[in-house]
Amino acid sequence: MTTVQHPYVIAYAGEAEIQHVLFRRVRGEWRLTHAEPRRDDWGYGILRARSGASRQGKPLFDVVNPRRQWTCADCGLCQVCGETARDPETGRYWWLLSDEGESEDRGWTNAPPTCRACIPAAVTQCPHLRRGRPAVYTAGAFEPYGVFAVIYSRSGQLAYPLAEKEIVTFGDPRASHALATQLLVCLRDLRLEPLEVV
């Protein structure tokens, strides 16, 4: 585990970027895009919000950095230290979930995994986890499910925010009007683990 002062996925004030988005016709369909497109703007067919990666400025504990959250959720990296959350002995991924908006019953989460070594500190220091009832799980696998997104309406090429933190699954017709802020993943072969094992 890499020692870090603040959780890897949180945003910092110096990383904020204004989202300059508009609509363009792509293969006969109006799609939301950044005004100055880059190759890494898209993930699973959905436009991703831009953010800096400097980790400079004041830490914003109630905001996640969209790119770091996406990378951790997509690659099985720990949201606290940024290293792998895959257990080298079992091959399973450690996940720390709370009953406050994240549940194994729902089948998906926006919370990236948390490696076994970081779970004790996360449980004692994270205000979100202290408000809810944290539970430790391991997952045999995980896969992308969709995104939290801002949905935009179109007037010509102009884009206007219509709704925030909407759940957009892959293949949803609203995907062409969405700006993804967080990746959602389905957890497979989920097993409740005793908190004492970490």
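**Cysteines.** I looked up the sulfur of Cys78 in this predicted model and found the closest cysteine sulfur, that of Cys115, at 3.8 Å, which is too far for a bond. The cut-off for a disulfide is 2.5 Å between sulfur atoms. Cys78 is buried, and its relative accessible area is 0%. I then checked Cys115, which takes part in no disulfide. The nearest cysteine sulfur to Cys115 belongs to Cys118 and lies 3.5 Å away. Cys115 is also buried, at 8% relative accessibility. I noted a count of 0 disulfides.

**Overall make-up.** I counted 3 helices and 11 strands in the protein chain. In sequence order I read the pattern β-β-β-β-β-β-α-β-β-α-α-β-β-β. The chain has 198 residues, and 45% of them are buried. I looked at contacts between residues at least 6 apart in sequence and found that 69% of them join residues at least 24 apart. For the accessible surface I noted about 10500 Å², with 51% of it belonging to carbon and sulfur atoms.

**Pairing of S11.** I went through the partners of strand S11, which covers 178–193. With S9 it runs antiparallel, and I noted 14 bridges between the two. One of the pairs sets Val136 against Glu193, its bridge partner in S11. Strand S8, residues 108–109, is also antiparallel to S11 and is joined to it by 2 bridges. There I found Thr109 opposite Val185. Strand S5, residues 46–48, runs parallel to S11, again through 2 bridges. Here Arg48 stands opposite Ala180.

**Largest nonpolar core.** How many residues does the largest nonpolar core have? I found 33. The residues with the most contacts inside it are Ile46, Trp95, Val147, Val168, Val185 and Leu187. I then asked which elements supply at least two residues each to this core. They are helix H1 (66–75), strand S7 (93–97), helix H2 (119–125), strand S9 (135–155) and strand S11. S9 gives the most, with 8 residues.

I took Val185 as a case to follow, since it is among the core residues with the most contacts. Leaving out residues up to four places away in sequence, Val185 touches Ala73, Trp95, Gly107, Trp108, Thr109, Phe142, Glu143, Pro144 and Tyr145. Trp95 in that set is itself among the core residues with the most contacts, and Thr109 is the residue opposite Val185 in the S8 pairing.

**Second core.** I found another core, separate from the one above and made of 9 residues. Its members include Phe23, Leu32, Ala159 and Leu179.

**Ser176.** I went next to the loop between S10 and S11, where Ser176 is found. Is Ser176 buried or exposed? At 5% relative accessibility it counts as buried. I looked for side-chain partners and found two polar contacts. One joins Ser176 to His177 at 3.0 Å. The other joins Ser176 to Glu29 at 3.5 Å. Setting aside neighbours within four places in sequence, I listed the contacts of Ser176 as Phe23, Glu29, Trp30, Arg31 and Leu32. Of these, I had already met Phe23 and Leu32 as members of the second core.

**Positive phi.** I checked for backbone angles out of the ordinary. Most residues other than glycine have a negative phi. Arg27 is not a glycine, yet its phi is positive, about 50°. I located Arg27 in the loop between strand S2 (21–26) and strand S3 (29–34). Its relative accessible area is 82%, so I entered Arg27 as exposed.

Lys165 also has a positive phi, near 50°, and is likewise not a glycine. Where does Lys165 lie? I found it in strand S10, residues 158–169. Lys165 counts as exposed, at 55% relative accessibility; the cut-off for exposed is over 50%.

Definitions and conventions
Residues are numbered from 1 along each chain as its sequence is written. This is a predicted model: local features need pLDDT of at least 70, side-chain atom pairs count only at pLDDT 80 or more; totals for chains, interfaces and linings use all residues. Side-chain values use heavy atoms; hydrogens and water are left out. A nonpolar core is a set of buried Ala, Val, Leu, Ile, Met, Phe, Trp, Tyr and Cys residues joined through side-chain atoms within 4.5 Å. Buried means under 20% relative accessible area, exposed over 50%, partly exposed in between (1.4 Å probe, protein chains only). Helices (H or I, at least four residues) and strands (E, at least two) are DSSP runs, numbered from the N terminus. Contact means heavy atoms within 4.5 Å. Accessible areas come from the Shrake-Rupley method with a 1.4 Å probe; for residues, only the protein chains shown count as cover. A polar contact is a pair of N or O atoms within 3.5 Å; within protein, one must be able to donate a hydrogen and the other to accept it, and residues adjacent in sequence count only if both atoms are side-chain atoms. Two strands pair if DSSP finds at least two bridges between them.
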